[in-house]
Amino acid sequence: MELLAGDRERRKVTATKMKQSCKEYLAEQIADETIAQELYDKYAAYVVQKLEKARAKLSAGDWEELSATAHTIKGDAISLGDAETAIAAAELRAAAKNRDTAACSALLEKLRIETAAL
């Protein structure tokens with residue numbers, strides 16, 4: 001699914017807001033700003049790694065592992081206050097359970113765009 005230019009811009013703005021929201025949540029939960037930033041940085045790298053794994057599972061047609069990976073991303077995103085990623089990961093999990101290649105591809109692209117700002 002090709003994103004329209006306006007849609008891309010809207011998602012970039014959403015991703016920027018998501019990044020700020022996640023950082024603010026961590027800052028509220030952890031008194032030490034340095035530790036909060038380190039945790040955030042590790043989370044951002046982790047999400048990128050999990051999305052690469054999810055893409056590989058989709059390419060291999062491994063629906064169960066794709067669903068499991070999406071579930072893991074969702075849980076970790078919820079833990080860190082990253083609501084947008086959690087919602088998209090939940091949608092990805094549902095699409096994987098339905099073996100919907102087009103929806104999974106679109107959702108992985110949505111997650112890639114949203115997490116690029118992390």
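Here are some notes on this predicted model, going from the whole chain down to helix α3 and one loop residue.

1. Overall make-up. The chain has 5 helices and 0 strands, so there is little to untangle in the order of elements: reading along the sequence gives α-α-α-α-α. Of the 118 residues in the chain, 34% are buried.

2. Contacts and surface. If you take the contacts in the chain with a separation of 6 or more, 57% of them come from residues 24 or more positions apart. The accessible surface is about 6,800 Å², and carbon and sulfur atoms account for 51% of that.

3. Length of α3. Helix α3 covers residues 63–79, which is 17 residues. At 1.5 Å a residue the helix should span 24 Å, and the C-alpha atoms at its ends are indeed 24 Å apart, so the two values agree.

4. The buried side of α3. Which residues of α3 are buried? They are W63, L66, S67, T69, A70, I73 and A77. These residues take up an arc of only 165° around the axis, and therefore sit on the same side of α3. The spacing fits the usual geometry: an α-helix has 3.6 residues a turn, so residues three or four places apart point the same way.

5. What α3 packs against. The buried residues of α3 pack against three partners: α2 (33–60), α4 (83–97) and α5 (101–115).

6. Just after α3. Following α3 comes G81, which has a positive phi, near 75°. Being a glycine, G81 is not the one I'd look at twice; for that, see the last point.

7. R99. This residue lies in the loop between α4 and α5. Is R99 buried or exposed? With a relative accessible area of 54%, R99 is exposed, because the cut-off for that class is over 50%. Its C-alpha atom is 9.8 Å from that of L66, although the two residues are 33 apart along the chain; L66 is one of the buried residues of α3. The backbone deserves a look too: R99 has a positive phi of about 55° and is not a glycine. Most residues other than glycine have a negative phi.

Definitions and conventions: Residues numbered from 1 in each chain as written. Predicted model: local features only at pLDDT ≥ 70, side-chain atom pairs only at ≥ 80, totals over all residues. Heavy atoms only, no water. Helix = DSSP H or I, 4+ residues; strand = E, 2+ residues; numbered from the N terminus. Expected span 1.5 Å × (residues − 1). Buried < 20%, exposed > 50% of the residue type's maximum accessible area, 1.4 Å probe, protein only. Arc of directions from axis to C-beta. Contact = heavy atoms within 4.5 Å. Areas by Shrake-Rupley, 256 points an atom, 1.4 Å probe, with all protein chains shown as cover.
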